[in-house]
Amino acid sequence: MDLRTYFDRMAEHWDDEVTSIDEARRTIVFLSEIGEQTHILDVACGTGAMFEAYQEKRPKHVTAIDLSEKMAAKAADKVKNNPMFEVRCEDLFQIQDERYDCIVIYNAYPLFTDKKQLVKKVAELLKADGRVTIAHGAGKEVINLHHSNVPEEITSELLSAKDESKIWDEYFDIDTVVDTSGFYLFSGKRYTTKDI
Ligand SMILES: C[S@@+](CC[C@H](N)C(=O)[O-])C[C@H]1O[C@@H](n2cnc3c(N)ncnc32)[C@H](O)[C@@H]1O
């Protein structure tokens with residue numbers, strides 16, 4: 001099964017499991033240094049789990065993308081009258097010629113099975129000195145257990161945050177790593193001197 005089909009099927013009941021804003025999401029926004037001048041790219045936004053947390057910081061703009069049409073439609077519906085948000089049904093790897101201050105990947109990292117390709121794409125889409133944050137609102141054991149029920153061709157096992165973050169070193173100064181039983185995050189700034 002491909003990713004798009006899988007998540008199109010999950011979309012109808014996805015929000016049954018997604019709770020409202022919590023401390024994990026506030027922490028992600030805080031550690032990502034999101035403020036009023038920030039243009040965010042929310043990669044794999046799903047139905048918009050991070051939206052409320054962004055809104056509290058009144059960022060300049062949020063571009064939210066998801067390759068599942070049904071997930072993106074649900075996300076778009078939540079912010080249809082809010083000019084702060086643009087929701088697009090799009091694959092991350094199709095985005096060209098755009099630059100962001102901050103890129104957030106929440107609860108989706110294992111789905112990017114080619115990590116080198118992901119690192120390069122994120123580096124390409126971030127402004128020099130821009131920040132990437134990869135996070136999960138649960139610990140690695142819970143995430144890996146959850147993903148053992150996802151078709152293996154569309155997911156990968158999550159390593160410790162420290163080990164996962166090593167592959168990002170080529171383009172990013174990873175300055176924050178959190179790896180507890182209830183929260184997983186690593187975050188860093190793009191090197192200004194490193195070209196793609
Ligand atoms: C587990 S869901 C999480 C969604 C949301 N961030 C949340 O926390 O509820 C992962 C999402 O990643 C999306 N996705 C996976 N690969 C993607 C890609 N290359 N580009 C855009 N979206 C992608 C899927 O369509 C799916 O909706």
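1. In this predicted model, helix 1 (residues 3-17) and helix 4 (residues 69-78) approach each other, their axes coming within 7 Å and crossing at roughly 35°. On the helix 1 side the contact is made by Phe7, Asp8, Ala11, Glu12, Trp14 and Asp15, and on the helix 4 side by Glu69, Lys70, Met71, Lys74 and Lys78. By residue class, seven of the residues in this contact of helix 1 with helix 4 are charged, four are nonpolar and none is polar.

2. Helix 4 merits a separate comment. Its buried residues are Met71, Ala72 and Ala75. These residues lie on the same side of helix 4, because they cover an arc of only 95° around the axis. Glu69 and Lys70, on the other side of helix 4, are exposed. The cover over the buried residues of helix 4 includes helix 1, helix 3 (51-56), strand 2 (61-66) and strand 3 (85-89). Met71 is thus a residue to view from two angles: Met71 is buried in helix 4, and Met71 also takes part in the contact with helix 1.

3. The largest nonpolar core has 36 residues, and the members that touch the most others are Leu41, Leu92, Ile103, Ile105, Val122, Trp168 and Phe172. Two or more residues of this core come from each of helix 1, strand 1 (39-43), strand 4 (100-106), helix 5 (115-125), strand 5 (126-136), strand 6 (172-179) and strand 7 (184-190). Helix 5 supplies the largest share, five residues. Another core, of 24 residues, lies apart from this one and has Ile21, Ala49, Tyr54 and Phe85 among its members.

4. Val122 illustrates the contacts of a single residue in the largest core. Leaving aside neighbours within four places in sequence, Val122 is in contact with Ile103, Ile105, Val132, Trp168 and Phe172.

5. Aromatic pairing should also be noted: the structure holds nine aromatic pairs. One of them joins Tyr109 and Phe186 in an edge-to-face arrangement, with 5.7 Å centre to centre and 85° between the planes. Tyr109 belongs to the loop between strand 4 and helix 5, whereas Phe186 belongs to strand 7, so this pair ties together parts that are 77 residues apart in sequence. Tyr109 and Phe186 are both buried.

6. The pair of Tyr109 and Phe186 is part of a wider arrangement, in which ring pairs link Tyr109, Trp168, Phe172, Tyr184 and Phe186 into a cluster. Two residues of this cluster, Trp168 and Phe172, appear again among the members of the largest nonpolar core that touch the most other members.

Note on methods: Residues numbered from 1 in each chain as written. Predicted model: local features only at pLDDT ≥ 70, side-chain atom pairs only at ≥ 80, totals over all residues. Heavy atoms only, no water. Axes fitted to C-alpha atoms, helices over the stretch in contact; angles between N-to-C directions. Helix = DSSP H or I, 4+ residues; strand = E, 2+ residues; numbered from the N terminus. Contact = heavy atoms within 4.5 Å. Nonpolar A, V, L, I, M, F, W, Y, C, P; charged D, E, K, R; others polar. Buried < 20%, exposed > 50% of the residue type's maximum accessible area, 1.4 Å probe, protein only. Arc of directions from axis to C-beta. Core = buried A, V, L, I, M, F, W, Y, C linked by side-chain atoms within 4.5 Å. Phe/Tyr/Trp six-rings, centres within 6.5 Å; stacked < 30°, edge-to-face > 60°.
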